Amino acid sequence: MQLEGSCHCGAVHFTVASHTPYPYMQCYCSICRKTAGAGGYTINIMGDAKTLKVEGQENLKIYRARVPVPGEPGKTTVSPAHRHFCGTCGSFLWIADADWPQWVYPFATAIDTALPTPPEREHIMLNHAAPWVHIPEGETEHSFREFPELSIEDWHKTRGLYD
Ligand SMILES: [Zn+2]
Ligand SMILES: [Zn+2]
């Protein structure tokens with residue numbers, strides 16, 4: 001589906017095509033929580049990078065977090081994830097990841113198009129969740145201490161929701 005998104009102040013608008021628009025994956029890691037997660041988590045969906053069109057590009061800023069180097073305690077490196085946000089109002093808009101250049105990962109919160117309601121949800125990176133955050137439980141709620149088992153693409157495909 002074609003998605004339209006924008007920041008709160010309107011300085012940045014964007015459109016992107018997505019085969020994977022279900023906002024099912026809630027990430028509780030410290031980067032998501034602190035930068036774009038008032039509920040304790042944020043949700044990124046996925047779109048086709050070559051279809052991304054941006055109005056107000058000059059208002060964008062990019063945040064690249066420092067992240068731990070696996071297997072090297074105490075060492076950090078700059079994340080390949082480029083978190084794009086509006087320099088005026090601070091709305092987080094999408095992530096572009098240098099390791100996955102064919103995709104962009106819009107923040108569901110920035111999308112103005114009505115997204116479909118996910119039939120189930122995944123709660124990921126729970127090892128990093130803040131202690132006050134409520135993690136929903138039940139048949140449709142799936143929890144992961146770190147990364148989930150399926151990619152966003154495979155999650156949609158295995159549920160017949162990829163279009
Ligand atoms: Zn803005
Ligand atoms: Zn995260």
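Colleague: What makes the S4-S3-S13-S14 sheet an open one, and which strands stand at its edges?
Modeller: In this predicted model, the four strands line up in the order S4-S3-S13-S14, with mixed pairing. Strand S4 (42-43) and strand S14 (141-143) are the edges: each has a single partner strand, so one side of each has no neighbour in the sheet.

Colleague: How do you know that S13 and S14 really pair?
Modeller: Two strands count as paired if DSSP finds at least two bridges between them. Strand S13 (residues 121-124) and S14 share three bridges, in the parallel sense, so they pass the cut-off of at least two. One residue to click on is His123, whose bridge partner in S14 is Ser143.

Colleague: What about the five-strand sheet, what is its order and which strands are the edges?
Modeller: The order is S5-S12-S11-S10-S7, an open sheet with antiparallel pairing. Strand S5 (47-48) and strand S7 (60-63) each pair on one side only, and that makes them the edge strands.

Colleague: What makes S11 and S12 a pair in there?
Modeller: Same test again: three bridges join S11 to S12, which run antiparallel, and the pairing rule asks for at least two, so they qualify. Look for Ala96, which stands opposite Val104 in S12.

Colleague: Asn44 is in the loop between S4 and S5. Why is Asn44 called buried?
Modeller: Count the C-beta atoms: Asn44 has 23 others within 10 Å. The label needs 20 or more, so Asn44 is buried.

Colleague: Which residues does Asn44 touch, leaving aside its neighbours within four places in sequence?
Modeller: Ile95, Tyr105, Pro106, Phe107 and Ala108. The test for contact is C-beta atoms within 7 Å. Tyr105 has its own list with that same exclusion: Asn44, Ile45, Met46, Trp94, Ile95 and Asp97.

Colleague: And how far is Asn44 from Glu146?
Modeller: They are 102 residues apart in sequence and 16 Å apart in space, C-alpha to C-alpha.

Colleague: Which residues have the most contacts inside the largest nonpolar core?
Modeller: Cys27, Tyr28, Cys32, Leu93, Tyr105 and Phe107, out of 36 residues in that core. Several elements supply at least two residues each, among them strand S2 (13-17), helix H1 (30-36), strand S10 (81-86) and helix H2 (152-158). S11 gives the most, with four residues.

Colleague: Asn44 is buried, so what keeps Asn44 out of a nonpolar core?
Modeller: Residue type. A nonpolar core takes buried Ala, Val, Leu, Ile, Met, Phe, Trp, Tyr and Cys residues, and Asn isn't among them, so Asn44 doesn't count.

Methods: Residues are numbered from 1 along each chain as its sequence is written. Chains are lettered from A and ligands numbered from 1 in the order in which they are written. This is a predicted model: local features need pLDDT of at least 70, side-chain atom pairs count only at pLDDT 80 or more; totals for chains, interfaces and linings use all residues. A nonpolar core is a set of buried Ala, Val, Leu, Ile, Met, Phe, Trp, Tyr and Cys residues joined through C-beta atoms within 7 Å. A residue is buried if 20 or more other C-beta atoms lie within 10 Å of its own, exposed if 12 or fewer, and partly exposed in between; C-beta atoms are placed from the backbone. Two residues are in contact if their C-beta atoms, placed from the backbone, lie within 7 Å.
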